[in-house]
Amino acid sequence: VSSVELTDTEIVLKPSEVKVVGVSIYPNIATNKKWTIIGGNPAVATVTTDVDNNKIIITAVDEIGEEDSTFISVRATDGSYKEANLTIKISEDDLNVDTPSNLTFDGKRLVWQDVLEAEGYSVNINGQDYSVYNKNYFEINLEEYAGQQVVAKVKAKGKSSSLDSAYTPEVNFLVLNRPTKIAYNDKTSTISWNSVEGAVSYSVNINNKIFNATQNSLVVSNFLNIDGSFEIKVKANGNANGTIVNSAYSDVLQLTRLASPKNFSITNGIARWDSVLGAKGYEVLYSYSQNGESKQSTQTILGTRFNLPFDVDAGTYFVRVRALGDGKNTISGDFGVEIFWTKLEKVKNLRVQNGVVVWDINSKATSYIITLQNVVTADDSLYTQTTDASVHSFAIENFPAGEYKVNVQVKGSDATIQSSLLDTPLSVTKLQTPQNLQAIKNEATCTVQWARVDGATSYLVKLVGNSTQQFY
């Protein structure tokens, strides 16, 4: 045992009055904390002990005799001979009430041991007195004393001011300033605030759940991961020994986390979704491939539609969208459902067969777009035609003679992007119609002749009479 301490070192009792004095043995880890009473005078007061509960019960005699005081010692029994002394006096006079003991500050209130005879208490904070009745605590408005050193003490009030107790020993502590400029950064999902001088740490209150921060910011992505509204406030925390105490909470920051867009769909290569209340825009995330390299990109837009990229490799990709907040009071939502879209493959084996342009069937096609361009007149005679998926051929016999470039694109269902044009269109020549057709007769034969057609490798001659005959 290193020391013995009592809650009082001197008490004054009226006849028959009972007083309890507390005993403390230090250190707290001492293995033998027993103690005993030495001295005393039963003609002044009876002293009984409650060693298990560390209490001394002192009962004054009914009438004051020749002696009105005595002296006792409380001694540890571990062999250390450590002790504390208590003076006991008896008086008929009205006595000053006892001084409150164990004055502490718990971060919100000054608290002290109640005094039974007290009419009330006077709490002195930085020289200003406040009266307290029917309770043994006083709540301090931390905001009022923000940034100030507080010196507090308490005395018990007697029946008159002359019978008031002495003041308790003072408690001293610094009240931290409130954190200011609470802000949210949507890009980093971080709450930040101005640092407070003297703060050891910070407590962040999010919808009445407390999260600790060792610096003046906190990543809150895991705490704000549901749609809805949030109230956030921050206080600065003091040290463990109570010389620097927590601040009041900051002003409340109101945040709303946006919902994911609903009814997300693709029609004719355009992604669409419903608008989200409070959204300042939308971010589209999509995958694609170019020149064999897989990629992902994001694009920020203001509206509720997005044209899927056309100039990409054939393949199947995903697209997602989320609502964007203002980065201050609205939080961007999560990316919503993932839907897939397909860039269709280019048409294959485009060729001329039996005088008709044909190509291989594409199983994902719902139709084909044929483009015919006269080589000589270029764009001025661009012709486009859409055919049903069951038709994978195109005849140019009704077009004027000339050189043409033919290209075909595959068009699919809503969740597809039509194929790109072939890098090298099919070159086709529509021959001129033979001119100057003549029949030359003689006695035995009839010869049909016509002007030569450039580019022709043969001719088809059709004789129409009782029966139709064709010759090459």
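This short talk walks through the sheets, hairpins, salt bridges and a few backbone details of the structure above.

Before I begin, please keep in mind that this is a predicted model, in which local features need pLDDT of at least 70, side-chain atom pairs count only at pLDDT 80 or more, and totals for chains, interfaces and linings use all residues. Residues are numbered from 1 along each chain as its sequence is written, and side-chain values use heavy atoms, with hydrogens and water left out.

Let me start with the strands. When I say strand, I mean a DSSP run of E with at least two residues, while a helix would be a run of H or I with at least four, and both are numbered from the N terminus. Strands of a sheet pair through backbone hydrogen bonds, either parallel or antiparallel, and here two strands are said to pair if DSSP finds at least two bridges between them.

One open sheet has five strands in the order β12-β11-β14-β15-β22, and its pairing is mixed. The edges are taken by β12 (128-132) and β22 (244-245), and because each has a single partner strand, one side of each is left without a neighbour in the sheet. Within this sheet, β11 (residues 120-125) pairs with β12 in the antiparallel sense over five bridges, and there you can find valine 123 opposite tyrosine 130 in β12.

Another open sheet is built from three strands in the order β32-β33-β36, with antiparallel pairing. Here β32 (351-353) and β36 (393-394) stand at the edges, each with a single partner strand, so one side of each lacks a neighbour in the sheet. Three bridges join β32 to β33 (residues 356-358), and glutamine 353 stands opposite valine 356 in β33.

Now to the hairpins. Strand β5 (residues 45-50) and strand β6 (residues 55-60) run antiparallel and are joined by six bridges, with threonine 46 opposite threonine 59 in β6. They form a hairpin with four residues between them, and asparagine 54 in the turn has a positive phi of about 55 degrees. Further along the chain, β40 (residues 438-441) and β41 (residues 446-449) pair in the antiparallel sense over four bridges, and these strands also form a hairpin with four residues between them.

Let me turn to charge. Side chains of opposite charge can pair when their charged atoms come close. A salt bridge is counted here when a side-chain nitrogen of Lys or Arg is within 4 Å of a carboxyl oxygen of Asp or Glu, and by this rule the count comes to 13 salt bridges. I will also describe residues as buried (under 20% relative accessible area), exposed (over 50%) or partly exposed (in between), using a 1.4 Å probe and protein chains only.

Which parts of the chain does the salt bridge between arginine 257 and aspartate 334 tie together? The two side chains meet at 2.6 Å, N to O. Arginine 257 lies in strand β23 (residues 253-257) and aspartate 334 in the loop between β30 (330-331) and β31 (339-343), so the pair ties together parts that are 77 residues apart in sequence. Arginine 257 is buried, with a relative accessible area of 9%, whereas aspartate 334 is partly exposed at 41%.

A further salt bridge joins the side chains of arginine 75 and glutamate 83 at 2.9 Å, N to O; arginine 75 is partly exposed at 25% relative accessible area, and glutamate 83 is partly exposed at 34%. In addition, Glu143, Arg178 and Asp251 are linked in a network of salt bridges.

To finish, I would like to point out some loops. The peptide bond from tyrosine 26 to proline 27 is cis, with omega near 0 degrees, and proline 27 lies in the loop between β3 (18-26) and β4 (35-39). Asparagine 268 has a positive phi of about 50 degrees although it is not a glycine, and this residue, in the loop between β24 (265-267) and β25 (270-272), is exposed, with a relative accessible area of 58%. Leucine 308, by contrast, is buried at 6% relative accessible area. How far apart in space are leucine 308 and glycine 269, C-alpha to C-alpha? They are 5.7 Å apart in space, and 39 residues apart in sequence.
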